[in-house]
Amino acid sequence: MDCYDVAIIGLGPAGATLARLLSEKLRVIALDKKRASGSEGFQKPCGGLLAPDAQRAFIRFGLNLPTSVIANPQIFSVKTLDTQTGITCNYQRSYININRHAFDLWMKSLVPERVEVHHDTLCKRLERTDEGYHVTFVEDGEEKRIHARYLVGADGANSMVRRYLYPRHEIRRYQAIQQWFEDKHPVPFYSCLFDNDVTDCYAWSISKDGYFIFGGAFPMKEGRERYDMLKEKVELHRFTFGTALKSEKCTVLCPSGWRDFVCGKDDAFLIGEAAGFISASSLEGISYALDSAELLSRILNKGGTSLNPSYRKSTFRLRLKLLSKVFKARILTTPWLRKLIMKSRISHIEQASAR
Ligand SMILES: Cc1cc2nc3c(=O)[nH]c(=O)nc-3n(C[C@H](O)[C@H](O)[C@H](O)COP(=O)(O)OP(=O)(O)OC[C@H]3O[C@@H](n4cnc5c(N)ncnc54)[C@H](O)[C@@H]3O)c2cc1C
């Protein structure tokens, strides 16, 4: 059986960043469901907006985004609509509008050749051994097994590493549903939608490369019914749909307290959304994926003992920030508080012509 220092499960923004930053002294294997290139195979459903914190991570990494991952147009505000009260506000936001799949493939392309990457591969089983982990995966229909001293779960919302390490741990999760339409709006826009009759989380729309993406995070039961209900409601607010060209669905985590952030144990580590590192108020997770991967790379590169406590300690500020998003989400999803904030017009920018 082949032996490695580190096995990374998942090469989304978190796993790809870790694989890129790990020292050449470490023998690293990385397994990922996505293919190496092209539009076939697994694609992560996403809004594809890069928040300022993610942009800051790229400054630290000394990386620039290639234009091939940038979507059209770049939009500077988010129209925030409370469908229960009908109040609308425009808030300035500095997101970069990207093509998420192109972004993921680009991030994977930055992984150095010294890392053994297995694309289009599914990790199936994990077993703890005296000195690390056995990892069983399926590649080209063939089952293979390797051994690694350290295991890293960078496998997103449905993380099997998280489930293996914390089988009894429950975290709040929603069904994220998105549909893509031809964009027929006179001016492309982003929106953020609140409606407590439909979901206690939130919904969104994004104009991207001629498409209009409409999505939301809904309770796991009746997700689709609630999605359709919201679509009907927002049509009254001049949202235009037509025929859906693509429908996507996946789980999205939404931490509701400190205990929802789990960093790993027993020489296994969790980064990105697998660790619960996602904003409860905006469901923005790319920046936390990048940040947690960077923090773990420092710990693994340094080596030594007590790596789990060191990683946990290093993520303290990140977890604190995510906890503040939990409180922010509670405010934004409480109808009377939201109404108060939106009615105050604080930070609202009036638009010359109503959409
Ligand atoms: C609908 C939706 C919209 C979102 N919009 C935004 C947004 O606009 N901006 C933002 O910042 N965040 C957004 N998020 C959150 C963001 O997508 C995630 O937080 C982010 O992708 C987490 O990165 P990650 O690397 O931890 O996990 P992921 O991006 O989920 O990557 C995990 C990877 O692991 C691989 N994998 C999983 N299981 C296995 C397995 N068993 N074997 C092998 N490989 C495996 C998959 O290939 C996957 O690509 C959105 C989420 C959803 C659901």
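**Exercise 1. Polar contacts of the ligand**

Which polar backbone atom lies 3.2 Å from an oxygen atom of the ligand?

*Solution.* Begin with the oxygen side of the ligand in this predicted model: the partner at 3.2 Å is a polar backbone atom of Pro-13. Turn next to the nitrogen atoms of the ligand, where a polar backbone atom of Lys-33 is found at 3.1 Å from a nitrogen, and a polar backbone atom of Cys-123 is found at 2.9 Å from a nitrogen. As a last step, consider how far the ligand is covered: taken alone it exposes 1,000 Å², and the protein buries 94% of that area.

**Exercise 2. The shell around the ligand**

Determine which residues come nearest to the ligand, which elements supply the shell, and how the shell divides by residue class.

*Solution.* The shell holds 37 residues, of which Asp-32, Leu-49, Arg-100, Cys-123 and Glu-273 come nearest to the ligand. Moving from single residues to secondary structure, at least two shell residues come from each of the helices α1 (13-21) and α6 (286-302), and likewise from each of the strands β8 (121-129), β11 (173-182) and β15 (246-253). Strand β8 gives the most, with three residues. Sorting the shell by class then yields 20 nonpolar, nine polar and eight charged residues.

**Exercise 3. Strand β4 and its partners**

Establish why strand β4 (residues 77-82) is described as largely enclosed by the rest of the structure, and identify the strands with which β4 pairs.

*Solution.* Take burial as a relative accessible area under 20%; five of the six residues of β4 are buried, and therefore the strand is largely enclosed by the rest of the structure. For the pairing, consider β5 (residues 87-92), which runs antiparallel to β4 and is joined to it by six bridges; in this pair, Ser-77 stands opposite Gln-92. The two strands form a hairpin with four residues between them, and Gly-86, which lies in the turn, has a positive phi of about 80°. Now consider β12 (residues 190-194), which pairs with β4 in the parallel sense over five bridges, with Thr-80 of β4 standing opposite Cys-192 of β12.

**Exercise 4. An annotated span**

What does the UniProt annotation say about residues 4-166, and how much of the span is helix and how much is strand?

*Solution.* According to the unreviewed UniProt entry, residues 4-166 carry the annotation "domain: FAD-binding". In the model, this span is 21% helix and 36% strand, and its end C-alpha atoms lie 24 Å apart.

Terms used. Residues are numbered from 1 along each chain as its sequence is written. This is a predicted model: local features need pLDDT of at least 70, side-chain atom pairs count only at pLDDT 80 or more; totals for chains, interfaces and linings use all residues. Side-chain values use heavy atoms; hydrogens and water are left out. Buried means under 20% relative accessible area, exposed over 50%, partly exposed in between (1.4 Å probe, protein chains only). Two strands pair if DSSP finds at least two bridges between them. A residue is near a molecule or strand if one of its heavy atoms lies within 4 Å of it. A polar contact is a pair of N or O atoms within 3.5 Å; within protein, one must be able to donate a hydrogen and the other to accept it, and residues adjacent in sequence count only if both atoms are side-chain atoms. Accessible areas come from the Shrake-Rupley method with a 1.4 Å probe; for residues, only the protein chains shown count as cover. Ala, Val, Leu, Ile, Met, Phe, Trp, Tyr, Cys and Pro count as nonpolar, Asp, Glu, Lys and Arg as charged, and the others, Gly among them, as polar. UniProt positions are given in the numbering used here, feature names are shortened, and annotations may be inferred rather than shown by experiment.
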